[in-house]
Amino acid sequence: MSSSEAEQNKEERAKADSTREELDAILSARQELGTEYNEELTDMLMERLDAVIDRRVEARLQNVKPKSISPAVPICSLIFAVPATGVVLEGGAGVLGVGLVWAAIVVVNVFYSGKKISDIF
C-alpha cells in the first residue's frame, strides 16, 4: 500500500469516526428530548447518512477502471470491409450499397465500444 493510499484510508477512518460520533450525539439527543423533536433529529440523521453514502460511492467510483477494449473487432471489421465493399460493387449496388456496408461496420464498432451514438457524433 502506498503512502497516499494509507493517508486516504486514515482520512476515511477519521471521517467515519467523526460521523459515528455525530450519529451517537443525535441518537442521544433523541433519547433525552423524547418524541417532540423526532422529525428534526431524523432529518439530521438522514443528512449524515447521505453524506457517508455519497463519500463511499465516490471512493468506489474513483477505483473503477475503465473497460479496456480489444482491437480485434475494429481490425476484423476493416478486414471484412474490403471484400464486402468489393462484393457490393460487383453486384451493382453502387455507392448506396457501399454506404450501407460501411454504415453497418460503424454500427457494429459503436455497439462493441459500449458508447452511445450521441456521444460519438
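Thr85 lies in helix H3. The model is a predicted one, and this threonine is a convenient place to enter it. The relative accessibility of Thr85 is 15%; since buried means under 20% relative accessible area, Thr85 counts as buried. Its side chain is not without a polar partner: a polar contact of 3.0 Å joins the side chain of Thr85 to the side chain of Trp102.

Helix H3 covers residues 72-90 and also holds Ser77. Ser77 is buried as well, because its relative accessibility is 11%, and the limit for buried is under 20%. Here the partner is a backbone atom: a polar atom of the Ser77 side chain lies 2.8 Å from the backbone oxygen of Val73. Helix H3 thus offers two buried residues with polar side-chain pairings, Ser77 with the backbone oxygen of Val73 and Thr85 with the side chain of Trp102.

The wider setting is a chain with five helices and zero strands. Read from the N terminus, the order of elements is α-α-α-α-α. The chain has 121 residues, and 13% of them are buried. Ser77 and Thr85 belong to that buried part.

Helix H2, residues 38-63, includes Glu39. Glu39 has a relative accessible area of 61%, and exposed means over 50%, so Glu39 is classed as exposed. Glu39 is part of a patch of negative charge on the surface, where it gathers with Glu36, Glu40, Asp43, Glu47, Asp50, Asp54 and Glu58.

Leu49 is also in helix H2. Its relative accessible area is 33%; the partly exposed class runs between the 20% and 50% limits, which is why Leu49 is called partly exposed. Leu49 helps to make a nonpolar surface patch of about 530 Å², together with Met46, Ile53, Val57, Leu61 and Val64.

Helix H2 therefore contributes to two kinds of surface patch, with Glu39 in the negative one and Leu49 in the nonpolar one.

Terms used: Residues numbered from 1 in each chain as written. Predicted model: local features only at pLDDT ≥ 70, side-chain atom pairs only at ≥ 80, totals over all residues. Heavy atoms only, no water. Patch = residues over 30% accessible without salt bridge, like charges linked within 9 Å, V, L, I, M, F, W, Y side chains within 5 Å. Areas by Shrake-Rupley, 256 points an atom, 1.4 Å probe, with all protein chains shown as cover. Salt bridge = Lys/Arg side-chain N within 4 Å of Asp/Glu carboxyl O. Lys, Arg positive; Asp, Glu negative; His and termini not counted. Charge placed at Lys NZ, Arg CZ, Asp CG, Glu CD. Helix = DSSP H or I, 4+ residues; strand = E, 2+ residues; numbered from the N terminus. Buried < 20%, exposed > 50% of the residue type's maximum accessible area, 1.4 Å probe, protein only. Polar contact = N/O pair within 3.5 Å; in protein donor to acceptor, adjacent residues only side chain to side chain.
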